[in-house]
Amino acid sequence: MTKKYLLLTTAFTTLLALGACGQQNQDTSMGHSSMDHTDMQMQESKLPAGMKEAVKPAYPKGEKVRINADHMAGMKGAEGTVAGAYDTTVYAVSYQPEDGGQPVKNHKWVIHEEIKNAGKKPFKKGDEVTLNADHMPGMMGAKATIDSATPTTVYMVNYTDQKTGKKVTNHKWITQDELAAIK
């Protein structure tokens, strides 16, 4: 009986140890959709230098729109008003926050003008860049990898958070395909 008990105890201890090791090796980085965006910087802020207003945006400044993006809780389905429309290249990026937070994967969106020393030529998928954006804590100055790059019109939108009732002013950035006209 003692041998059986010793064998079972050893097997159970080994399984616990292996389970703990497996958990330590798991990827704990945050994907964009699992991120808590409650810390996004929603205050009015200045536009990055070099922004070009869109000549003929699908949704001009002042137009009422429905937001189909889910960048933050309370955003998807909200009605909003376009605060600005700009032609640029928009990027999804993965980065390690400067404040030591969890790695962020596929953050949507950072625009060309929010990348340090961007120049005129757009970046490509896989390029390493330094962020000059403060949408989230730890974002400013963070090293990032470009996950996707798309030349498009981006929008700043004012809306009311559907969960909290809080007014969000100048949310940056929403792409044209994440908006719909309100009829």
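Okay, let me start with what I mean by surface: accessible areas here come from the Shrake-Rupley method with a 1.4 Å probe. On that basis the accessible surface of this protein is about 11000 Å², and carbon and sulfur atoms make up 54% of that. Keep in mind that this is a predicted model.

So, the overall layout. We've got one helix and nine strands. Reading from the N terminus, the helix comes up front and then the strands follow: α-β-β-β-β-β-β-β-β-β. The protein has 183 residues, and 39% of them count as buried. And if you take the contacts with a separation of 6 or more, 62% of them are between residues 24 or more positions apart.

Let's go to strand 4, and I'll spend a bit of time there. Strand 4 covers residues 79-95, and 14 of its 17 residues are buried, so the rest of the structure largely encloses it. What does strand 4 pair with? I'll go through four pairings, with strands 2, 3, 5 and 7.

Take strand 7 to begin with, residues 143-160: it runs antiparallel to strand 4, and 15 bridges join the two. If you want a spot to click on, Tyr86 has Val154 as its bridge partner in strand 7. Stay on Tyr86 for a second, since Glu53 stands opposite that residue as well. Glu53 brings us to strand 2, residues 52-53, which pairs with strand 4 over two bridges, again in the antiparallel sense. So Tyr86 has Val154 as a partner in strand 7 and Glu53 opposite it too.

Next, strand 5. Strands 4 and 5 run antiparallel and are joined by five bridges. The pair to look at there is Val93 with His107, the latter being the partner in strand 5.

Then strand 3, residues 64-67, which pairs antiparallel with strand 4 over three bridges. Within that pairing, Val65 stands opposite Gly80, and Arg66 stands opposite Glu79. Strand 3 has another neighbour, strand 9, residues 179-181: three bridges join them, and they also run antiparallel. Here Arg66 shows up again, standing opposite Ala180. So Arg66 faces Glu79 in strand 4 and Ala180 in strand 9.

Which residues of strand 3 are on the covered face, and which on the uncovered one? Val65 and Ile67 are on the covered face, while Lys64 and Arg66 are on the uncovered one. Why the every-other-residue pattern? Because in a regular strand the side chains alternate between the two faces of the sheet.

Moving on along the chain, there's a loop between strand 3 and strand 4, and Ala73 is in it. Is Ala73 buried or exposed? Exposed, because its relative accessibility is 51% and the cut-off for exposed is over 50%. Still, Ala73 has contacts with residues far along the sequence: leaving out residues up to four places away, it touches Asp161 and Lys163. For Lys163, the separation is 90 residues in sequence, and the C-alpha to C-alpha distance is 7.2 Å.

Last bit, backbone geometry, which I figured this crowd would want to poke at. There are two cis peptide bonds to show you. One joins Lys108 and Trp109, with omega about 5°, and Trp109 lies in strand 5, residues 104-111. The other goes from Lys172 to Trp173, with omega near -5°, and Trp173 is in strand 8, residues 167-175.

Those two strands also each have a residue with positive phi that isn't a glycine. In strand 5, Asn106 has a phi of about 55°. In strand 8, Asn170 has a phi near 55°.

How do those two asparagines sit, buried or partly exposed? Asn106 has a relative accessible area of 30%, so that one is partly exposed. Asn170 comes in at 13%, so that one counts as buried, the cut-off for buried being under 20%.

To recap the places to click on: Tyr86 with Val154, Arg66 with Ala180, Ala73 with Lys163, and the peptide bonds at Lys108-Trp109 and Lys172-Trp173. That's my bit, thanks everyone.

Notes
Residues are numbered from 1 along each chain as its sequence is written. This is a predicted model: local features need pLDDT of at least 70, side-chain atom pairs count only at pLDDT 80 or more; totals for chains, interfaces and linings use all residues. Side-chain values use heavy atoms; hydrogens and water are left out. Buried means under 20% relative accessible area, exposed over 50%, partly exposed in between (1.4 Å probe, protein chains only). Contact means heavy atoms within 4.5 Å. Two strands pair if DSSP finds at least two bridges between them.
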